[in-house]
Structure formats: structure tokens, C-alpha cells
Amino acid sequence: MGDALDAIDRKILAALQADGRTTMQELAEKVGLSVSPCHRRVKLLEKSGVINRYMAQVDQTAVGLPVSVFISIKLARQKEEDLTRFARAISKWDEVLECYLMTGNRDYLLRVVAADLAAYEAFLKNKLTRLDGIASIESSFALSQVKYSIALPV
């Protein structure tokens, strides 16, 4: 459906990304439709997978996880089974918020959150370094967050 999005669909997506709890009445007014056609469009966007879930965005500092660490991982081998084993293991760890298979001289880039340096060290020692097949781990600590968004520029 990505190519079939019209201007109204894009307005709906922008409005829902800004406030996923907006009522259908408010959404319809924002995009210039009556409630019924607006509701139909939202249901189609959900059914087609363009909208794949609704969630609350939680402040990581407010819940005691102020430390963000970006970790570059290089595997000893890049065979499919090694990549799959790594991906399967880290997908189970709640501390890992994002993980990307990368081009370039590193295989994976992870974003991990922790309460403090000791908690990050425990994550490193008890989880990450226990995985087989890792050649190197390079950690970079975020000093401050300049921008963070999950809203796509539709």
C-alpha cells in the first residue's frame, strides 16, 4: 500500500504519529473528512500493515534507564547461521532497543539502555560477551540526546 498512499492517508498517518490516542472525530476534523470515511481509511491502513501497532512512548530517564549505549559488533564469521544465532540471542534481551545488520566494517549496531555503568557492565559480562562468534565489541556512550523520533516523515 506504500505507493498507493494519497494526501489524506499521509495526513492521517502524520496525525496518528503525533497523537495515537486522538479520537476518530478529532482525526476526521484534522484531515478534512467525516468520521465514517476517516475510520474506513484508518482500518485499511491497519489491515494493509502501514499502521502496525499503537503504543505509549515512555521516557527512559523517568523509568530509571538514563544510559544509552551504541554498540558496534563484529562477528568472527558472517555465515548465515552465525548471523541467525546472533540475531536470535539478542532479540530476547530487553535492554536492546534496536539492532541493525550493517554494511561496512561492523556487522551489527545495537542501541542498549541501562540504569548506570554498573548495569551496562553486567549486561556486557552476563549476556553479550557470552555469545559465541563475536570478534569485537565497541561501545559508545551517548552524552545527550539531540533528537529522537519514531514518527516517519510521511
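**Close-up views of salt bridges and the largest pocket**

**View 1. Aspartate 82 forms a salt bridge with arginine 77, and the closest N and O atoms of the two side chains lie 3.0 Å apart.** The model shown here and in the following views is a predicted one. Aspartate 82 has a relative accessibility of 8% and therefore counts as buried, the cut-off for that class being under 20% relative accessible area. Its partner, arginine 77, is partly exposed, with a relative accessible area of 40%. The pair is one of the nine salt bridges that the structure holds.

**View 2. A salt bridge joins glutamate 98 to arginine 111, with 2.8 Å between the closest N and O atoms.** This pair links distant parts of the chain, since glutamate 98 belongs to strand S2 and arginine 111 to strand S3, 13 residues apart. Arginine 111 counts as buried because its relative accessibility is 9%, whereas glutamate 98, with a relative accessible area of 27%, is partly exposed.

**View 3. Within helix H5, which spans residues 117–126, glutamate 121 forms a salt bridge with lysine 125.** The closest N and O atoms of this pair are 2.8 Å apart. Because glutamate 121 and lysine 125 are four residues apart in helix H5, about one helical turn separates them. Glutamate 121 has a relative accessibility of 40% and so counts as partly exposed.

**View 4. Asp6, Asp9 and Arg41 are joined into one network by salt bridges that share partners.** As a general point, side chains of opposite charge can pair when their charged atoms come close.

**View 5. The largest pocket has a volume of about 1,500 Å³ and is lined by 39 residues.** Among the lining residues, Met55, Gln57, Tyr148, Ser149 and Ile150 lie nearest the centre of the pocket. The elements that give two or more residues to the lining are helix H1 (7–18), strand S1 (67–75), strand S2 (96–101) and strand S3 (108–114). Helix H1 gives the most to this lining, with four residues.

**View 6. Sorted by class, the lining of the largest pocket holds 22 nonpolar residues, together with 10 polar and seven charged ones.** Strands S2 and S3, which are among the elements that give two or more residues to this lining, also hold the two partners of the salt bridge in View 2, glutamate 98 in strand S2 and arginine 111 in strand S3.

Technical notes:
Residues are numbered from 1 along each chain as its sequence is written. This is a predicted model: local features need pLDDT of at least 70, side-chain atom pairs count only at pLDDT 80 or more; totals for chains, interfaces and linings use all residues. Side-chain values use heavy atoms; hydrogens and water are left out. On a 1 Å grid over the protein atoms alone, a cavity is a set of points where a 1.4 Å probe fits but cannot get out, and a pocket is an open set with protein on both sides within 12 Å along at least five of seven lines; lining residues have an atom within 4 Å of a point. Grid points are joined across faces, edges and corners, and a volume is the space filled by probe spheres set on the points. Ala, Val, Leu, Ile, Met, Phe, Trp, Tyr, Cys and Pro count as nonpolar, Asp, Glu, Lys and Arg as charged, and the others, Gly among them, as polar. A salt bridge is a side-chain nitrogen of Lys or Arg within 4 Å of a carboxyl oxygen of Asp or Glu. Buried means under 20% relative accessible area, exposed over 50%, partly exposed in between (1.4 Å probe, protein chains only).
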